[in-house]
Amino acid sequence: MPRRAWGSFAPRGAVHRRRRPLGGRIQYGPCRARVARRAGAAAPAGHRSVRQRARAPARRAGHARELNERWLHVTGCRFEDALDDGWLSYVHSDDREETVKTIRWAAEGHAPFTLEYRLRRADGEHRWVIDHGVPRRSTDGTLAGYIGSGVDVTELRTVQKALLESNALRSAIFGSVYGHVAAIGRAGAIIAVNDGWRRLAEANGVNPDSVSVGANYFDICQRVTGMTDGDARRALAVVTGVVAGDRERAQLEYSTRTSDGVRWFDLSVEALRRAEGGAVISHVEITRRRYAEDEARRQRDALAHALRVTTLGELAASLAHEINQPLSAIVMNAKATARLLDAGATVTDDIRGALRDIAADGTRASEIIRRLRVLLSKEHLPGRTVDVKELVAETTSLVEYDLRRRGIDIRSVHAAELPAVSVDRVQLQQVVLNLLVNAIEAIAAAGEGPCTITVTTAARGADRVEIAVADTGVGATSTDLERMFEPFATTKTNGLGMGLSISRSILRAHRGTIWATVNADRGLTLHVELPIEGDSGA
Ligand SMILES: Nc1ncnc2c1ncn2[C@@H]1O[C@H](COP(=O)(O)OP(=O)(O)OP(=O)(O)O)[C@@H](O)[C@H]1O
Ligand SMILES: [Mg+2]
């Protein structure tokens, strides 16, 4: 194998200009004077600016023999300095060995080569260059050298690197997302799944590959659920709605019957923002959360019921009086009627009036008992439409005797237009009753001064309603305003400290709020705010 010397860059023409090339064409070749001269004489159009040595000593592979103006300009190197292996000092030291090795290796087999290395620019910055070397042969078939063309690919590499990183990041995020996640195309073909998705398949004794990339999501749904129950159909409708472009995203909690019993899932679907459409579907199992929520609701209802019973027990005297009043009136009217009839009176207007009063008082007494029965029952009636003014009036009637007995004046200030709210009637009544009892007790504790309770109802914005109970009682310090909602926080000898705490949990279940404020003159105001569509069923 003859010893060879190697030449260097020449301009690359249009392609380079378009890409704002760093280098140009490089010519490598046996560096005997004969070859150098011939290369110079035969320089094609693109090589016009090549400067070459008339005579060059024999060199080893990788030695430059010709360099174009562009290469010299970009590197800021003098022609003389770049010749031989001078140009290599512009190649990054980490890439130098590999560069020379590749050129030598290619030369052994007279093969073309493609190299990537960093080349130092005149301003000192290293730029990534793809250098493609094409062998040139002498007329006798021996290797005359190479012509290499360099293209600056720094930006391309930066973009490629960012793309790779972003892809790696995306697939890492996708793979590790909580729940069972699949990305599907417009027709339902699965294009990606996460680890959770495969694990779910394994747990169900299904080969994960049969429900992964390439399978059809809708076919799997059909196979797994049989689409027999309403929840499965609703879930499918949510997915198809998003895939069809009806909406950007959707969410649904659904249950499905399995061999282990009923399992709950939180389904969320997000449209894929790409021309081909599709969606990312995630199923997160929430069975345990649902059971915990159900249990919490049962406990809250039981506690609320116990408190209602306790409160009504405390109001027993008041309620007995409320029932006793119409009963006494009935007795009196009945006796009077009997006397009139005994005296031989025919049916007069007096008798008719007395009988009507008897009927009205009987209705009043049975109405009080009906309300009591409702409050004492464990009935849970979520989502009924409730007229707030009526509910306030009904609840106030339960404490009327106490109010009168203590000389407390009660006022109701109702908004003219108040939308009905969708709540559990008994529970909202319990909240208002708690507030009224607290207000009465606060006024009683104050012992002197004005004795007034003002119940205000008002619409708050377009979709909320507020009930406020203001009293002229003992009031509270600003630090106590929050503490009073904690369980067992009480300042009363006979208090349990659960009234406000249970009221807050009832309101939270209805997506409502309750808070207290100090009145400007005296006492507190307890505010209850509820969305019109407040019932969560929870
Ligand atoms: N209108 C009010 N004015 C002043 N303090 C109040 C008022 N309402 C509640 N509080 C304070 O908040 C505490 C907690 O009230 P909460 O209704 O939760 O429990 P309670 O009334 O003490 O007992 P119960 O469980 O029987 O209702 C009360 O003990 C009282 O100190
Ligand atoms: Mg209370």
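How many helices and how many strands are there in the chain? The chain holds 17 helices and 18 strands. The model described here is a predicted one.

**The chain as a whole**

The chain has 538 residues, and 44% of them count as buried. Its accessible surface comes to about 28200 Å². Carbon and sulfur atoms account for 53% of that surface. Contacts between residues at least 6 apart in sequence were also examined, and 59% of these join residues at least 24 apart.

**The ligand and its surroundings**

Ligand 1 has 16 residues around it. Those that come nearest are Asp471, Thr490, Thr491, Lys492 and Leu500. Leu500 also appears among the polar contacts in the table below, where a backbone N or O atom of leucine 500 is paired with an oxygen atom of ligand 1. Methionine 498 and glycine 499 are listed there too, each through a polar backbone atom that lies close to an oxygen atom of the ligand.

| Residue | Atom of the residue | Atom of ligand 1 | Distance |
|---|---|---|---|
| Methionine 498 | polar backbone atom | oxygen | 2.8 Å |
| Glycine 499 | polar backbone atom | oxygen | 3.2 Å |
| Leucine 500 | backbone N or O atom | oxygen | 2.7 Å |

On its own, ligand 1 has 590 Å² of accessible area, and the protein covers 90% of this. The space that ligand 1 takes up is the largest pocket. Which elements give two or more residues to the shell around ligand 1? They are two helices, α15 (425-446) and α17 (499-509).

**Two residues with positive phi**

Most residues other than glycine have a negative phi. Two residues of the chain can be set against that background. Aspartate 84 is not a glycine, yet its phi is positive, at about 55 degrees. Where is aspartate 84 placed? Aspartate 84 sits in the loop between α4 (79-82) and α5 (93-108).

Histidine 110 is the other case described here, with a positive phi near 55 degrees in a residue other than glycine. Histidine 110 lies in the loop that runs between α5 and β4 (113-120). Helix α5 thus borders both loops, with aspartate 84 in the loop between α4 and α5 and histidine 110 in the loop between α5 and β4.

Does histidine 110 count as buried or partly exposed? Buried means under 20% relative accessible area. Histidine 110 has 21% relative accessibility, so it counts as partly exposed.

Conventions: Residues numbered from 1 in each chain as written. Chains lettered and ligands numbered in written order. Predicted model: local features only at pLDDT ≥ 70, side-chain atom pairs only at ≥ 80, totals over all residues. Heavy atoms only, no water. Helix = DSSP H or I, 4+ residues; strand = E, 2+ residues; numbered from the N terminus. Buried < 20%, exposed > 50% of the residue type's maximum accessible area, 1.4 Å probe, protein only. Contact = heavy atoms within 4.5 Å. Areas by Shrake-Rupley, 256 points an atom, 1.4 Å probe, with all protein chains shown as cover. Near = heavy atom within 4 Å. Polar contact = N/O pair within 3.5 Å; in protein donor to acceptor, adjacent residues only side chain to side chain. 1 Å grid on protein atoms, 1.4 Å probe; cavity = no way out; pocket = protein on both sides within 12 Å on 5 of 7 lines; lining within 4 Å. Sits in = over half its atoms within 2 Å of the grid points.
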